[in-house]
Amino acid sequence: MGIIAWIIIGLLAGAIAKALMPGRDPGGVIITMLIGVAGGLLGGWLGKVIFHVHSINGFFHLSTWIAAIVGSMILLAIYRVITGRRA
C-alpha cells in the first residue's frame, strides 16, 4: 500500500478508535491521524507476531482495518494514560 492509503486508513482507524473508546481525549485531528497510522503498523505487527498471519493485506481487506483499529485503540489507551498523568 502507498503512503496515501496509510494516511487514509490511519485517519479513519484513529477516528473509529476514538468513537469506540468513550471519554475525553486531549488530542485533535493530527494526533488522531498519527495514532491511527502508528496503530495500523502496531496492529499489523501484532497480528504477524501473535497469530502468524499477514494482517495487512490491502486497503479493502477486513483484516487490515481490524488490525489498524485495534492497534489504534491500544495506542489511544496508552496516550490517555500518559497525558492523564501530566494534566
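Buried means under 20% relative accessible area, exposed means over 50%, and partly exposed lies in between (1.4 Å probe, protein chains only). The model is predicted: local features need pLDDT of at least 70, side-chain atom pairs count only at pLDDT 80 or more, and totals for chains, interfaces and linings use all residues. Residues are numbered from 1 along each chain as its sequence is written, and side-chain values use heavy atoms, without hydrogens and water.

**Exercise 1.** Describe the chain as a whole.

Solution.
- Start with the helices: there are three, and zero strands. Helices (H or I, at least four residues) and strands (E, at least two) are DSSP runs, numbered from the N terminus.
- Read along the sequence. The pattern is α-α-α.
- Turn to burial. Of 87 residues, 36% count as buried.

**Exercise 2.** Place Gly40 and decide: is Gly40 buried or exposed?

Solution.
- Find the helix. Gly40 sits in α2, residues 29-51.
- Check the area. Gly40 has a relative accessible area of 0%, so Gly40 is buried.
- Look across to Gly14. Its C-alpha atom is 9.1 Å from that of Gly40, though the two are 26 residues apart along the chain.

**Exercise 3.** Place Leu12 and classify its accessibility.

Solution.
- Find the helix. Leu12 belongs to α1, residues 3-20.
- Check the area. At 41% relative accessible area, Leu12 is partly exposed.

**Exercise 4.** What share of the chain's contacts joins residues at least 24 apart?

Solution.
- Fix the term. Contact means heavy atoms within 4.5 Å.
- Take contacts between residues at least 6 apart in sequence. Of these, 69% join residues at least 24 apart.
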